[in-house]
Amino acid sequence: MNFKKILFLLATSVSITSLGIAGCTPQQQDLEAGTQPSTLTGQTETETPSATTPTTQPQERPGDVPYVPTPQPVVDAMLKVAKVGKNDVLYDLGSGDGRIVNTAAQKFGTRGVGIDINPERVQEANDNAQKAGVTDRVKFVQQDLFTTDFSEATVVTLYLLPEVNAKLRPKLLSELKPGTRIVSHAFDMGDWKPEQTLTVDGKTIYYWVVPEQVPANLR
């Protein structure tokens with residue numbers, strides 16, 4: 001075999017090899033090189049969003065009350081006085097960071113729904129539920145308290161203001177089933193006298209049960 005033929009064969013071999021590499025996808029090249037497949041598409045690294053990331057909307061109106069978390073000892077006392085259990089559905093109105101709903105789910109297996117108008121609070125509450133491992137039993141939604149349907153609740157908790165409680169009272173009494181327990185941190189319901197009042201760490205807790213017949217002055 002003459003020298004020119006050897007050069008021709010070598011050039012042909014190199015050309016075929018080069019074409020083989022160029023024809024591979026980036027993933028195939030990575031695998032051949034022993035590296036992980038690339039996640040780059042169009043020069044931009046792609047990232048799969050978390051399935052647990054909640055969707056929130058811009059806040060539709062200002063909140064009715066400033067955000068002030070309920071101290072954990074008060075949370076525990078509120079759940080105790082309401083005798084929450086695994087068969088209950090707890091609605092927390094103005095749920096903030098989600099501690100009442102999440103605590104009920106953790107300690108008693110209670111299903112719960114937190115309602116808050118502030119998307120940041122809803123995000124925080126969902127994050128805390130994930131950390132607590134209770135996302136299978138709770139959810140937090142961005143809604144207006146005055147347009148939310150509470151009829152599924154067997155327990156309602158709230159930490160609002162006297163005027164908000166008074167405005168909310170007719171809705172609670174018309175939507176909630178008789179026997180539903182309501183617990184409020186710090187503020188009462190005006191003319192609707194509580195069945196029980198207790199003090200925990202200097203904080204007042206009020207407890208009511210929705211009656212079979214709602215007095216006319218409370219509607």
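# Working through a predicted fold

Leaving aside neighbours within four places in sequence, His 185 touches Thr 70, Pro 71, Val 74, Met 78, Leu 158, Tyr 159, Lys 203 and Thr 204. Keep in mind that this is a predicted model. Let's start from that histidine and work outwards.

## Exercise 1: Place His 185

Find the element that holds His 185, and decide whether His 185 is buried or exposed.

*Solution.*
- Step 1: Look up the element. His 185 belongs to strand β7.
- Step 2: Check the relative accessible area, which is 2% for His 185.
- Step 3: Apply the cut-off. Buried means under 20%, so His 185 with its 2% counts as buried.
- Step 4: Look across to the next strand. In β9, the residue opposite His 185 is Ile 205.

## Exercise 2: Look at both faces of β7

How many of the five residues of β7 (residues 181-185) are buried, and which of them sit on each side?

*Solution.*
- Step 1: Count. Five of the five residues of β7 are buried, making the strand mostly covered.
- Step 2: Recall a rule about strands. When a strand is regular, its side chains alternate between the two faces of the sheet.
- Step 3: Sort the residues. Arg 181, Val 183 and His 185 are on one side, with Ile 182 and Ser 184 on the other.
- Step 4: Put it together. Both faces of β7 are covered.

## Exercise 3: Find the partners of β7

Work out how β7 pairs with β6 and with β9.

*Solution.*
- Step 1: Take β6. It runs parallel to β7, and four bridges join the two. Here Leu 158 stands opposite Ser 184 of β7.
- Step 2: Take β9 (residues 203-209). This pairing with β7 is antiparallel and has five bridges. One facing couple is Arg 181 and Val 209 of β9.
- Step 3: Add the helix. Together with α6 (residues 162-175), β6 and β7 make a right-handed β-α-β unit.

## Exercise 4: Draw the whole sheet

In what order do the seven strands of the open sheet lie, and which are the edge strands?

*Solution.*
- Step 1: Write the order down: β5-β4-β3-β6-β7-β9-β8, with mixed pairing.
- Step 2: Mark the edges. β5 and β8 (196-200) each pair on one side only.
- Step 3: Add the twist. On average, neighbouring strands in this sheet are turned by 20 degrees against each other, direction ignored.
- Step 4: Lay a helix on your drawing. α5 lies across β4 and β5, and it runs at about 170 degrees to β5.

## Exercise 5: Study helix α4

Which residues of α4 (residues 99-108) are buried, and what covers them?

*Solution.*
- Step 1: List the buried residues of α4: Ile 100, Val 101, Asn 102, Thr 103, Ala 104 and Ala 105.
- Step 2: Name the cover. It includes the helices α3 (72-82) and α5 (119-132), plus the strands β3 (89-93), β4 (111-116), β5 (138-142) and β6 (155-158).
- Step 3: See what comes next in the chain. Gly 109 follows α4 and has a positive phi near 70 degrees.

## Exercise 6: Describe how α3 meets α4

Use the crossing angle of the α3 and α4 axes to say how the two helices are oriented to each other.

*Solution.*
- Step 1: Read the geometry. The axes come within 10 Å and cross at roughly 60 degrees.
- Step 2: Compare with the cut-offs. Under 35 degrees is roughly parallel, and roughly perpendicular begins at 65.
- Step 3: Conclude. The angle fits neither class, so α3 and α4 are oblique to each other.
- Step 4: Add the hand, which is right-handed for this crossing.
- Step 5: Name the meeting residues. From α3 come Gln 72, Val 75, Asp 76, Met 78 and Leu 79, and from α4 Arg 99, Ile 100, Thr 103, Ala 104, Lys 107 and Phe 108.

## Exercise 7: Check two loop residues

Where are Ala 186 and Asp 201, and what is the relative accessibility of Ala 186 and of Asp 201?

*Solution.*
- Step 1: Locate them. Ala 186 is in the loop between β7 and β8, while Asp 201 is in the loop between β8 and β9.
- Step 2: Classify Ala 186. At 26% it is partly exposed.
- Step 3: Classify Asp 201. Exposed means over 50%, so Asp 201 at 60% is exposed.
- Step 4: Check the backbone. Neither is a glycine, yet phi is positive: about 85 degrees for Ala 186 and about 50 degrees for Asp 201.

Technical notes
Residues numbered from 1 in each chain as written. Predicted model: local features only at pLDDT ≥ 70, side-chain atom pairs only at ≥ 80, totals over all residues. Heavy atoms only, no water. Buried < 20%, exposed > 50% of the residue type's maximum accessible area, 1.4 Å probe, protein only. Contact = heavy atoms within 4.5 Å. Pairing = 2+ DSSP bridges. Right-handed = clockwise from strand over helix to strand, strands pointing away. Axes fitted to C-alpha atoms, helices over the stretch in contact; angles between N-to-C directions. Parallel < 35°, antiparallel > 145°, perpendicular 65-115°, else oblique. Left-handed = near helix turned anticlockwise from the far one by under 90°.
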